[in-house]
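Work through the exercises below with the sequence and the coordinates open. Each one gives a task and then a solution in steps.

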Amino acid sequence: MTDTFTGWAATAKGEPLVQMELKLRTWDEDCVDIDITHCGICASDIYTIDEGWGPTDYPCVAGHEIVGIVTRVGKRVKKIQVGDRVGVGPECDSCRECGACKDGFENVCEKFATTTYNSKWPNGDKTYGGYANKWRGDYRWVFKVPNNMSNKDAACFFCAGITTYAPLKHGDVNEKSVVGVLGIGGLGHIAILFAKAMGATVIGMSHSDKKRDYADDLGCDGYINTEVVEDMVKYKHKLTHILCTGTGKDFEWEPYLELLHVNGKFMNVFIPGWKFPQIDPFTLIINQVSISGTAVGSPAEMQEMINFAAEREIKPWINKYKMSDINKAIADFRAGLPKFRFVLENE
Ligand SMILES: [Zn+2]
Ligand SMILES: [Zn+2]
């Protein structure tokens, strides 16, 4: 048994990733070992590599859309067996004792859930993500990939999938809903597919016409170019929900909240490196709208989400790269190549 793995690590801001041998976390009987087959690339990985959200503890192995095959399980592990195909998302542990954890929202643990990289396990070991050949961690945050879903397709559900599924679910999206999906990229395209699968009418929203054809192909029932006044007027008070997966620095609340039907919900999952503008309380009150946020999802929601995606045969749009071409993949990601999520594959 080996206690090391080979990862593609960031060693400093702006430097290419380099392959290095690092220590897996200390084994305990709640652990599972995974041979990684695939890992998605998420904007959060790039923010962390670049210290865009704060200091990074280098060397940092990013990647939190991890899929692979279980090679070892501890004595206390439940539900997961050697040989299972499984995935891991952006969080991998929580305190299990606080109010949020006890209520089944371990993802927003009051003591801060352990993130899959650039964080520490409760035992003090560093967490390392999926740009690697192996991963070791607590079974409570490891989820089974359904039989009819490939590892390649599964990867991006573990962050992009749960990040968009959870708000749609919390917002009670159903066949009566009219959901505007703001930002059509890695997150937004999966949001569209999930909202359609939940029966909603879905309107793609972007700041140009560049994504209009993609929105059509994804099954959108309409499209708003947010720069075009006629588009915004046409949908005034027509949307029951807006799911914000991305927007520009010139964002203002009023034009978007005016798109909402009475009691509408603006659900945000976007964390830019800048602050949203202030809001005039009158804007909220006049139409009884609300603004909410979600942070990925709980372990229970994770398994529910991946099962739902498999049942409805939801297929993400992905670009596949060899793990060894990771620096090329990240360069393409930074260049904003669309369509839509990037997945690394170990040979
Ligand atoms: Zn992510
Ligand atoms: Zn907790």
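Two residues are in contact when heavy atoms of theirs lie within 4.5 Å. This is a predicted model, in which local features need pLDDT of at least 70 and side-chain atom pairs count only at pLDDT 80 or more, while totals for chains, interfaces and linings use all residues. Residues are numbered from 1 along each chain as its sequence is written, chains are lettered from A and ligands numbered from 1 in the order in which they are written, and side-chain values use heavy atoms, with hydrogens and water left out.

**Exercise 1. Describe the surroundings of Thr-163.**

Step 1. Locate the residue: Thr-163 lies in helix H4 (residues 160-170). Helices (H or I, at least four residues) and strands (E, at least two) are DSSP runs, numbered from the N terminus.

Step 2. List its contacts. Leaving out residues up to four places away in sequence, Thr-163 touches Leu-187, Val-269, Thr-294 and Val-296.

Step 3. Assess burial. Buried means under 20% relative accessible area, exposed over 50%, and partly exposed in between (1.4 Å probe, protein chains only). Thr-163 has a relative accessible area of 8%, so it is buried.

Step 4. Check the side chain: it reaches from Thr-163 to the backbone oxygen of Cys-159 at 2.7 Å.

**Exercise 2. Find the donors of the zinc ion (ligand 1).**

Step 1. Apply the cut-off. Donors are N, O and S atoms within 2.8 Å of the metal (3.2 Å for Na, K and Ca); water is not among the atoms, so sites may look incomplete.

Step 2. Name the donors. Cys-42 (SG), His-64 (NE2) and Cys-159 (SG) coordinate the zinc ion (ligand 1) at 2.0 to 2.2 Å.

Step 3. Read the spacing: in sequence these donor residues follow C-x21-H-x94-C. Cys-42, in the loop between strand E3 (31-41) and helix H1 (43-49), and His-64, in the loop between H1 and strand E4 (66-73), are 22 residues apart and link distant parts of the chain.

Step 4. Check exposure: Cys-42 and His-64 are both buried.

**Exercise 3. Determine the geometry of the zinc ion (ligand 2).**

Step 1. The donors are Cys-95 (SG), Cys-98 (SG), Cys-101 (SG) and Cys-109 (SG), at 2.3 to 2.4 Å.

Step 2. Four donors count as tetrahedral if all angles lie between 85 and 135 degrees; four count as square planar and six as octahedral if opposite donors are over 155 degrees apart and all others between 65 and 115; anything else is irregular.

Step 3. The angles among the 4 donor atoms of the zinc ion (ligand 2) are 103 to 117°, and the site is tetrahedral.

Step 4. The sequence spacing of the donor residues of the zinc ion (ligand 2) is C-x2-C-x2-C-x7-C.

**Exercise 4. State how H4 and helix H10 (residues 299-311) are oriented.**

Step 1. The axes of H4 and H10 come within 10 Å and cross at roughly 100°. Axes are lines fitted to C-alpha atoms, for helices over the stretch in contact, and angles run from 0 to 180 degrees between N-to-C directions.

Step 2. Angles under 35 degrees count as roughly parallel, over 145 as roughly antiparallel, 65 to 115 as roughly perpendicular and the rest as oblique. H4 and H10 are therefore roughly perpendicular.

Step 3. Residues of H4 at this meeting include Tyr-165 and Lys-169, and those of H10 include Met-305 and Phe-308.

Notes: A polar contact is a pair of N or O atoms within 3.5 Å; within protein, one must be able to donate a hydrogen and the other to accept it, and residues adjacent in sequence count only if both atoms are side-chain atoms.
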